[in-house]
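Student: I am new to this structure and would like a close look at a single part of it. Please choose one helix, go through its surroundings with care, and then set it within the whole chain.

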Amino acid sequence: MLSITKSMALHGLEGFLIDVQVDISSGMPSWDVVGLPDVSVKESKERVRTAIKNSGYELFSRKIVVNLAPANIKKEGSIFDLPIAVGILKSLEVITQNQNDDILMIGELSLNGSLNPINGALPICIEAKKQGIKKIILPKQNEKEASIIAGMEIFGASDLNEVVKYLNG
């Protein structure tokens with residue numbers, strides 16, 4: 001099943017919306033990340049897989065393909081962990097609400113499922129607002145910084161389970 005979540009890549013202070021597309025299917029178990037990811041993004045598969053498992057969700061051996069679109073923009077850092085995990089949980093129908101397509105997500109996952117603070121939250125929020133995004137989910141530690149942007153709904157989460165509860169309403 002295909003799911004799409006939104007995130008953002010920064011190049012300097014310029015932000016680019018990224019569609020994190022996740023497809024899970026039967027077949028030879030594998031995990032591929034495509035769309036010009038750097039090494040830290042490719043390493044996300046181990047953080048995300050372990051965080052999902054340690055948050056209490058079953059992630060059986062399946063074929064998982066993560067596409068970070070558009071493919072011509074380089075993606076760097078661990079901020080894509082959260083949108084990848086949410087995309088997987090949407091594909092597995094753990095997250096059942098489809099009303100979250102307009103929410104931008106950024107965050108690095110710990111192996112226990114907690115969210116670590118990230119660098120660049122404020123410029124990401126500024127760029128997201130410029131591009132019409134009105135809701136952002138990010139690590140709790142970045143919430144105060146992000147909340148200075150008026151007119152945006154900011155949800156600071158401590159862990160993956162909080163994000164799932166928020167998205168499921």
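Tutor: What follows begins with the chain as a whole, turns to helix 4, and then moves on to other parts of the chain.

This is a predicted model, in which local features need pLDDT of at least 70 and side-chain atom pairs count only at pLDDT 80 or more, while totals for chains, interfaces and linings use all residues. Residues are numbered from 1 along each chain as its sequence is written, and side-chain values use heavy atoms, with hydrogens and water left out.

The protein chain has 6 helices and 9 strands, where helices (H or I, at least four residues) and strands (E, at least two) are DSSP runs numbered from the N terminus. With 169 residues, a compact globule would have a radius of gyration near 15 Å, and the 15 Å of the protein chain agrees with this; the radius is taken over C-alpha atoms, and the globule rule is 2.2 Å times the number of residues to the power 0.38. Taken along the principal axes, the box filled by the C-alpha atoms is roughly 45 × 35 × 25 Å. Of the 169 residues, 46% count as buried, a word that here means under 20% relative accessible area, with exposed meaning over 50% and partly exposed lying in between (1.4 Å probe, protein chains only).

Now to the chosen part, helix 4, whose buried residues are Ala-121, Ile-124, Cys-125, Glu-127 and Ala-128. Seen down the axis of helix 4, these buried residues fall within an arc of 165°, so they line one face of the helix; the arc is that of the directions from the helix axis to the C-beta atoms. The cover over this face includes strand 1, strand 2, strand 5 (103-105), strand 8 (135-139), helix 5 (143-146) and strand 9, counted by contact, which is to say heavy atoms within 4.5 Å.

Helix 4 also holds a salt bridge, defined as a side-chain nitrogen of Lys or Arg within 4 Å of a carboxyl oxygen of Asp or Glu. Its partners are Glu-127 and Lys-130, whose closest N and O atoms are 3.3 Å apart. Both residues lie in helix 4 (residues 121-130), and their separation of 3 residues is about one turn of the helix. Glu-127 counts as buried at 10% relative accessibility, whereas Lys-130, at 62%, counts as exposed. Just after helix 4 comes Gly-132, which takes a positive phi of about 90°.

Strand 1 and strand 2, both named in the cover of helix 4, are themselves joined by a salt bridge between Lys-6 and Asp-19, with 2.8 Å between the closest N and O atoms. Lys-6 lies in strand 1 (residues 2-11) and Asp-19 in strand 2 (residues 14-25), so the pair ties together parts that are 13 residues apart in sequence. Lys-6 is partly exposed at 22%, and Asp-19 is partly exposed at 24%.

Strand 2 also contains Ser-25, which lies 31 Å in space from Ala-128, C-alpha to C-alpha, and 103 residues from it in sequence. Leaving aside residues up to four places away in sequence, Ser-25 touches Arg-62 and Lys-63.

Strand 9, another part of the cover of helix 4, brings in the 1 aromatic pair of the structure. The ring centres of Phe-155 and Tyr-166 are 4.1 Å apart and the planes stand at 10°, so this pair is stacked; rings of Phe, Tyr and Trp (its six-membered ring) pair if their centres lie within 6.5 Å, with planes under 30 degrees apart counted as stacked, over 60 as edge-to-face and the rest as tilted. Because Phe-155 lies in strand 9 (residues 153-157) and Tyr-166 in helix 6, the pair ties together parts that are 11 residues apart in sequence.

For another helix to set beside it, the buried residues of helix 2 are Ser-44, Arg-47, Val-48, Ala-51 and Ile-52, and they fall within an arc of 125°, so they too line one face of their helix. Arg-47, buried at 16%, meets Asp-81 in a salt bridge of 2.7 Å, N to O. Asp-81 lies in helix 3 (residues 81-91) and Arg-47 in helix 2 (residues 44-54), so that pair ties together parts that are 34 residues apart in sequence.
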